[in-house]
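Colleague: I've got a model open and I'd like to learn how to read its packing. Can you walk me through it?

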Amino acid sequence: MEMLYQQVILDLSRKPHGFGLQDGAAAESHQVNPTCGDEITLQVHLEPGTDRISAVRWEGHGCAISQASASLFADLAPGLTREDLGSRIELFRTAMRSKGTIEPDEDLLGDAVALGGVSKYSARVKCAMLAWVAGEDALAQAPA
Amino acid sequence: MLTLPRTIAAMSATAPALQAGPLSDPEIQAIRRDFPILASSVNGHPLVYLDSGATSQKPTGVLDTEREFYERRNSAVHRGAHTLAALATEEFEDARGAVARFIGAGDDEVVWTSNATEALNLVAYAMGNATLGRGGEASARFRLGAGDEIVVTEMEHHANLLPWQELAARTGATLRYIPIADDGTLRMDVAAETINSRTRVLAFTHVSNVLGVINPVADLVALGHAVGALVVLDACQSAPHLGLDVAALDVDFAAFSGHKMLGPTGVGVLYGKRELLNALPPFLVGGSMITTVTMETAEYLPAPQRFEAGTQRVAQAIGLAAAIHYLDVVGLARIAEHEASLGAMLVEGLSLIPGIRVLGPGIGQPRVGLASFDVAGVHSHDVGQFLDDRGIAVRVGHHCAQPLHRRFGVTSTTRASAYLYTTRDEVAEFLDGVVAATEFFGVNS
């Protein structure tokens with residue numbers, strides 16, 4: 001249990017980061033996990049005139065893992081270019097789908113490595129992925 | 001042909017105590033020995049299976065019956081002149097008879113389906129076909145149009161909501177619903193107005209799969225029949241736990257699934273009154289349900305065959321008959337009594353835990369052996385994950401009843417549901433697990 005629900009996950013599920021939508025987003029994505037009803041609306045904000053992310057903001061509800069994952073995504077994104085963030089989403093997805101065989105890379109994913117334990121629980125991978133899928137969708141929508 | 005469940009059969013021969021009163025602890029232990037899966041371990045703990053509302057476990061008698069059929073008599077039914085085909089057809093029809101006796105129906109009033117969902121869709125789609133003019137004058141009573149109303153309840157499983165939503169959309173009829181009171185009972189005061197002269201179909205669940213509440217079937221049937229509506233009963237959560245007497249209840253149609261009542265997956269039952277089934281145009285069409293076919297038209301067999309197109313689920317049907325036999329030997333009344341005491345233990349135990357809110361009937365109110373609850377600030381998936389780590393299997397999510405959950409201001413709940421093999425020790429272990437989960441997730445800190 002403690003491997004899956006690391007303290008940072010429990011803390012973030014109670015005190016989220018980046019919570020609350022703000023005007024001026026480059027793009028926004030709404031994602032639903034139909035099996036459990038988890039929902040998220042996530043915004044990507046860009047530094048004016050650049051392709052660098054200034055902030056990720058989100059609102060939603062769901063399990064501790066999906067909520068913490070959204071916070072960890074919001075912590076990771078600022079300062080990265082769209083391309084960098086896209087490749088890190090792909091890295092995170094690969095780790096999540098690895099059934100526990102790939103340790104997420106802390107240099108590239110930061111505190112989101114705390115979600116590494118999720119990959120052993122196939123039913124929960126979608127919970128961890130929800131915010132990242134929303135981020136990917138928002139990046140694809142944001143005008144170049 | 002049916003294999004008598006080993007342990008229970010031995011007990012019924014030697015212990016007359018099996019005839020009356022709630023199930024004793026030795027009886028429950030004997031029952032558990034008939035279910036191989038209950039001896040297994042999950043995540044290093046003995047399995048505590050509290051998800052029988054989703055699907056029940058199967059006794060060896062059911063497993064043996066299916067295997068024996070495949071090993072010795074397997075062949076297609078209602079076609080072929082060889083010996084095995086005759087044996088299989090006989091056994092398949094005997095199984096239909098067993099279901100008919102179990103629910104107080106005639107043999108030709110029992111239609112095999114894949115599950116309850118298909119049974120309910122069958123009625124709705126057949127009515128849609130009648131609306132399109134299929135079935136001739138006999139089916140005129142099933143035609144729907146603008147101004148007609150279909151009434152359901154706010155607590156329906158999606159399987160008894162969406163077929164009616166779709167039917168209303170296809171025919172121009174209006175879908176209305178009877179709301180739920182805060183204690184999980186139906187607002188019968190509102191029902192008396194919602195069900196009116198425009199009501200053509202009244203479809204509702206006997207027992208809520210989320211709330212555990214038992215609906216007043218007789219009162220609803222009286223309201224429905226007083227205005228000439230067809231009454232459709234979702235008996236998924238009643239047939240396995242309380243039994244079902246369609247004749248006494250006087251419902252027009254009823255649906256339930258085999259896998260929730262110790263039987264195999266892939267088999268369900270639609271009950272319909274004889275004259276209604278024979279007037280209803282078919283839903284699925286194809287082999288084995290016709291009398292004469294030309295390149296232009298077809299004539300259909302009477303019920304039940306007219307609703308059983310294609311190769312049938314033979315092994316599953318006779319497996320279900322074996323399951324019904326098992327329930328009969330133990331006795332539905334005693335099972336219901338046992339589960340009511342577990343339901344009371346669940347609601348009393350959960351209500352004592354700070355941060356827990358149980359949906360549905362409160363302490364002392366009638367409920368079957370299940371309870372769904374919300375843990376303040378903790379998602380049901382996290383609760384379920386925590387319990388699973390201790391080998392405790394519960395259902396999490398919206399249990400295919402989103403409108404019901406919305407009514408109570410939650411998106412999901414955790415549900416513990418018992419059956420005849422569930423012990424009080426297991427319920428106690430589950431309650432300990434929920435307390436530990438509230439501590440782990442810091443619910444009251």
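Modeller: Sure. Let's start with contacts: two residues are in contact if their C-beta atoms, placed from the backbone, lie within 7 Å. Keep in mind that this is a predicted model.

Colleague: Okay, which residues is B:Ala254 in contact with, leaving aside its neighbours within four places in sequence?

Modeller: With those neighbours set aside, B:Ala254 touches B:Leu233, B:Ala235, B:Leu244, B:Val246 and B:Tyr271. B:Ala254 is also one of the residues with the most contacts inside the largest nonpolar core, along with B:Val99, B:Phe253 and B:Ala255.

Colleague: How many residues does that largest nonpolar core have, and where does its largest share come from?

Modeller: The core has 132 residues. Helix α11 (residues 314–330) of chain B supplies the largest share, 12 residues. At least three residues come from each of domain 1 (35–50 + 332–436) and domain 2 (67–327) of chain B. Apart from this core there is another, of 41 residues, including A:Phe73 and A:Leu109.

Colleague: Now the two domains of chain B. How far apart are their C-alpha centres, and how many residues does the contact take from each?

Modeller: The C-alpha centres of domain 1 and domain 2 of chain B are 29 Å apart. The contact involves 25 residues from domain 1 and 22 residues from domain 2.

Colleague: Which element gives the most to the domain 1 side?

Modeller: That's α12(B), with 5 residues. Other elements giving two or more residues there include β14 (370–375) and β17 (413–417) of chain B. By type, the domain 1 side splits into 13 nonpolar, 8 polar and 4 charged residues.

Terms used:
Residues numbered from 1 in each chain as written. Chains lettered and ligands numbered in written order. Predicted model: local features only at pLDDT ≥ 70, side-chain atom pairs only at ≥ 80, totals over all residues. Core = buried A, V, L, I, M, F, W, Y, C linked by C-beta atoms within 7 Å. Buried ≥ 20, exposed ≤ 12 C-beta atoms within 10 Å, placed from the backbone. Helix = DSSP H or I, 4+ residues; strand = E, 2+ residues; numbered from the N terminus. Domains from an automatic or database assignment. Nonpolar A, V, L, I, M, F, W, Y, C, P; charged D, E, K, R; others polar.
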